[in-house]
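Here is a short note for a colleague opening this structure for the first time. The points can be followed with the sequence and the model side by side.

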Amino acid sequence: MRIAVLIGVAMIPAFLAGWWVGKQRMEPVLSDKEQYVQVGSSPQSPIPAVSRPQSQMKEAIKLSGRQASDHSEFQLYWQTYQTAAGLSAQTLQDELTVLATNTDEHYRQGISRIYFSRLVSLDGALAFQLALRLYGERMEDFEVLQNVLHEWVLIAPEAAVASLAQLDDKPIKHWLISSVIHDPAAASLLDKESLLPMLPSSMRQGMLVRLKQDLPPEQSFEHFLSGNYSTNEREAGLMNALLQWGRQDPQAALDKIITSLPANRQRNYLNLVLRQWAETDANSALNQALVLEKGDGDLIATVLQAVAERDGLAAMTQFQQHRNRMQPHAVQGILATWATHDLDGTLSYVEQNSAWIDKTQLTPMLSNFAQQRPIDAALWVSNANLPQAVIRNVAGQLVYAHPDDAEALLEYSLDGNLRNSLIDSLANEKLAMGFAEASAWVQSKLPPQQWTEKRRELLSNLAHQNPAEAADYVFEQVPVDEHLVASVAMNWASRDTQSARQWVQSLPSGPAKNMAISGYMRNLNPSQINDAYFLLEQISDDAVRQRLQNHLTQQLNQGQ
């Protein structure tokens, strides 16, 4: 116990020096009035108030070889340290409880750490539980809790870990375990890998890789290849090892992949190393990719995409030479990567080589164009004679990234397909303001002969986004679109079964109600189907009723 006390108390001066110097960098702006601070309120803590006028001259002093200032500030914390060394566990608990209510975050944390350091040396478990109670739900003070755990691990690592394992609050538990794994001082005291089962798989994978990243990459690779790990943990560990190995000796890393892994598991790892190699020696990486490639060309495409990050023209020149060994879509990634740093050069190349470039492969590059320069992108697309699918995608990107510019573009002389696609995308965005406003806006942008069909499309979109609102308008269509009625009922039932059922029951008998009942019941689960079976009796068409009943019977049988 004497050793534990000495360790805990001996750590305080080092903390104090670092904390106090750091405090100078975070010094708050004070008023012209003198500022006073008082530690705690217990008569057992006879630390005097310290006067600290804003106009006080700074006095330079040396502390652990660092330059510091504000002598009275330092004196406060030095005196706190001296006082804490003589306080009992109970008194420390009292003082820490009072300090937790102090509104000065930096002062609260600084003084608390000194007191907690002393309390840890007396009773680590007591200190940790008190820190959890005072600061476990205060994110701004989590560092205090972390520091208490750190000091307890140094004194009694097994007891600290056992206490962590018993925590019910999983977010705090996981956060604290992560802090221990990241703590270099705990490396010689704990088997950190034994802590990993206490973490969720989403965190465990990254922590496991971190624990092994100091090994030589070839050893790390062997460790994850042969160790008892889950598929995701093994893959993350192997990739991390290969990233390190690829920087040092990419050829050796590639050879290891080929000799150690079955052919069906090699490609992702080969791509990883080749891409990294291409960043430093593109020619060697490409030559190796050409030798290794036995399939659809993705190894070659990976290298060329890395080349395009620096020299798009060189990448496309190589692509033309080897495109018979790659899939047509490989050009997408190369052009899109080139466009991120040289958009004009990419566009010029596409214009000059339009005879052989498949325009359906331009979507990623044009999406980049639309986000960077929306007006220019729209005008370019309008004159490029592109496939309708590509135009719709660009219009969607324009509306998503620059809705105001997209709407302003409707005043330009645009290709008809692009204009209609912009109107469609903008109309869907305006549905958030209500169907009446969105439909009025669309009507103002279209000739009368296109309005009816466009309104139906808009209402169909609303049936998916807000079926309850769509129900107010679906019967305004003349003639009524029965399939649209079914869509409203089906989508509404998936969100609010009771309201949708009331709406369906309220409809007048006829074909539209028949479709509404059919749409409503088709996606119900077995228990909901049983509750709504009476609706079958309200279907006026025998054939529709029989088809729906057969479907529901099948659904019920599958649910058994």
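At what angle do the axes of helix α11 and helix α12 cross, and within what distance do they come? Point 1 takes this up; note beforehand that the model is predicted.

1. Helix α11 covers residues 231-248 and helix α12 covers residues 250-260. Their axes come within 6 Å and cross at roughly 135°. That angle makes α11 oblique to α12, because angles that are neither under 35 degrees, nor 65 to 115, nor over 145 count as oblique. On the α11 side the contact is formed by L242, W245, G246 and Q248, and on the α12 side by P250, A252, A253, K256 and I257. Sorted by class, the residues of this contact are six nonpolar, two polar and one charged.

2. A second helix pair to look at is α19 (residues 363-372) with α20 (residues 374-382). The two pack at about 135°, and their axes are 5 Å apart. They are therefore oblique to each other. From α19 the contact draws on L366, F369, A370, Q371 and Q372, while α20 brings P374, D376, A377, W380 and V381. The classes here are seven nonpolar, two polar and one charged.

3. For the chain as a whole, there are 31 helices and four strands. The chain has 560 residues, of which 48% count as buried. Among contacts with a separation of 6 or more, 59% join residues 24 or more positions apart. The chain exposes about 27,600 Å², and carbon and sulfur atoms supply 49% of that area.

4. Which residues have the most contacts inside the largest nonpolar core? They are L366, L422, W503 and Y520, in a core of 110 residues. Helix α15 (residues 298-308) gives this core its largest share, eight residues. A second, separate core has 38 residues, including L99, I111, Y115 and A160. L366 also belongs to the contact of α19 with α20 in point 2.

5. W503 deserves its own look. Leaving aside residues up to four places away in sequence, W503 touches A471, V474, F475, V485, V488, A489, W492 and A516.

6. Helix α14 spans residues 282-292, and its buried residues are A285, L286, Q288, A289, L290 and L292. Their cover includes α12, α13 (267-278), α15 and α16 (312-322). Helix α12 thus appears both here and in the contact with α11 in point 1.

7. Is E293 buried or exposed? This residue lies in the loop between α14 and α15. E293 counts as buried because its relative accessibility is 5%, and the cut-off for buried is under 20%. Beyond residues up to four places away in sequence, E293 touches R267, D298, L299, I300 and R325.

8. S487 can be read in a similar way. S487 sits in helix α27 (residues 482-493). With a relative accessibility of 13%, S487 counts as buried. Not counting residues up to four places away in sequence, S487 touches A463 and H464.

Notes: Residues numbered from 1 in each chain as written. Predicted model: local features only at pLDDT ≥ 70, side-chain atom pairs only at ≥ 80, totals over all residues. Heavy atoms only, no water. Axes fitted to C-alpha atoms, helices over the stretch in contact; angles between N-to-C directions. Contact = heavy atoms within 4.5 Å. Nonpolar A, V, L, I, M, F, W, Y, C, P; charged D, E, K, R; others polar. Buried < 20%, exposed > 50% of the residue type's maximum accessible area, 1.4 Å probe, protein only. Areas by Shrake-Rupley, 256 points an atom, 1.4 Å probe, with all protein chains shown as cover. Core = buried A, V, L, I, M, F, W, Y, C linked by side-chain atoms within 4.5 Å.
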